[in-house]
Amino acid sequence: MGHTDYIKRSEGCKVEEALLVRITVITDVLTRVTEADKWDYAYAEDKWTVKEVVQHLIDCERIFSYRALHIARQDTGILSGFDENQYIDYARGEQKEVNELVEEYVSLMKSIYYEFKGFTTEALALQNQVVHYVISVEEIGRLIYGHSLHHLDILKERYLDK
């Protein structure tokens with residue numbers, strides 16, 4: 001799925017509303033993961049465990065929220081990409097305690113919500129280059145929302161419904 005597909009998932013609502021609503025939705029799914037005791041489960045060989053998926057979301061959202069801040073504060077430097085698989089390899093999310101991993105992610109989601117709530121309309125419209133594409137601050141917020149829900153759908157389909 002490309003970043004434009006993720007962005008489209010939040011059409012019809014304000015970006016900060018989407019970022020707020022997702023906290024409850026994601027927390028509910030993570031509660032189901034705990035109830036099903038699936039944190040160390042991977043649906044196939046060479047696929048991430050649930051812990052690694054959550055760590056991936058944490059890593060990506062930290063990077064995406066930094067990009068939004070970078071652009072909103074009118075820093076014009078081109079933003080670099082990252083290798084999500086390399087990040088997972090070095091994050092060691094599978095070694096984290098479940099309650100700490102969940103608390104870290106929920107805290108991050110709340111922080112991102114407040115970050116975007118604080119951006120002015122003008123700041124949300126600002127754009128900058130990230131690797132080979134141009135994106136606005138608002139689109140980054142929508143990307144965060146859509147990316148997290150994409151992985152939630154995968155968790156529900158391939159991890160919890162097994």
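Colleague: Is Cys-60 buried or exposed in this model?
Modeller: Cys-60 is buried, at a relative accessible area of 2%, where buried means under 20%, exposed over 50% and partly exposed in between, computed with a 1.4 Å probe on protein chains only. This is a predicted model, in which local features need pLDDT of at least 70 and side-chain atom pairs count only at pLDDT 80 or more, while totals for chains, interfaces and linings use all residues. Residues are numbered from 1 along each chain as its sequence is written, and side-chain values use heavy atoms, with hydrogens and water left out.

Colleague: And what about Cys-13?
Modeller: Cys-13 has a relative accessible area of 27%, so this cysteine counts as partly exposed.

Colleague: How many disulfides are there, then?
Modeller: The count is zero disulfides, taking a disulfide as a pair of cysteine sulfur atoms within 2.5 Å.

Colleague: Switching to helix 3, how many of its residues are buried?
Modeller: Of the 23 residues in helix 3, 20 are buried, so the helix is mostly covered; helices here are DSSP runs of H or I with at least four residues, strands are runs of E with at least two, and both are numbered from the N terminus.

Colleague: What span should helix 3 have, and what does the model give?
Modeller: The expected span is 33 Å and the end C-alpha atoms lie 32 Å apart, which agrees; that expectation is 1.5 Å times one less than the number of residues. After helix 3 comes Gln-74, which has a positive phi, near 60°.

Colleague: Now the rings: how many aromatic pairs do you count?
Modeller: There are six aromatic pairs, where rings of Phe, Tyr and Trp (its six-membered ring) pair if their centres lie within 6.5 Å, and planes under 30 degrees apart count as stacked, over 60 as edge-to-face and the rest as tilted.

Colleague: Why is the pair of Tyr-43 and Tyr-159 edge-to-face?
Modeller: Because their planes stand at 85°, with the ring centres 5.3 Å apart. The pair links distant parts of the chain, since Tyr-43 is in the loop between helix 2 (15–36) and helix 3 (50–72) and Tyr-159 is in helix 7 (residues 137–160), 116 residues apart. Tyr-43 is partly exposed at 26% relative accessibility, whereas Tyr-159 is buried at 2%.

Colleague: Which residues form a cluster with those two?
Modeller: Tyr-41 joins Tyr-43 and Tyr-159 in one aromatic cluster. The charged end of Lys-38 also sits over the ring of Tyr-41, 4.3 Å from its centre, by a rule that wants NZ of Lys or CZ of Arg within 6 Å of the ring centre and within 35 degrees of the ring normal.
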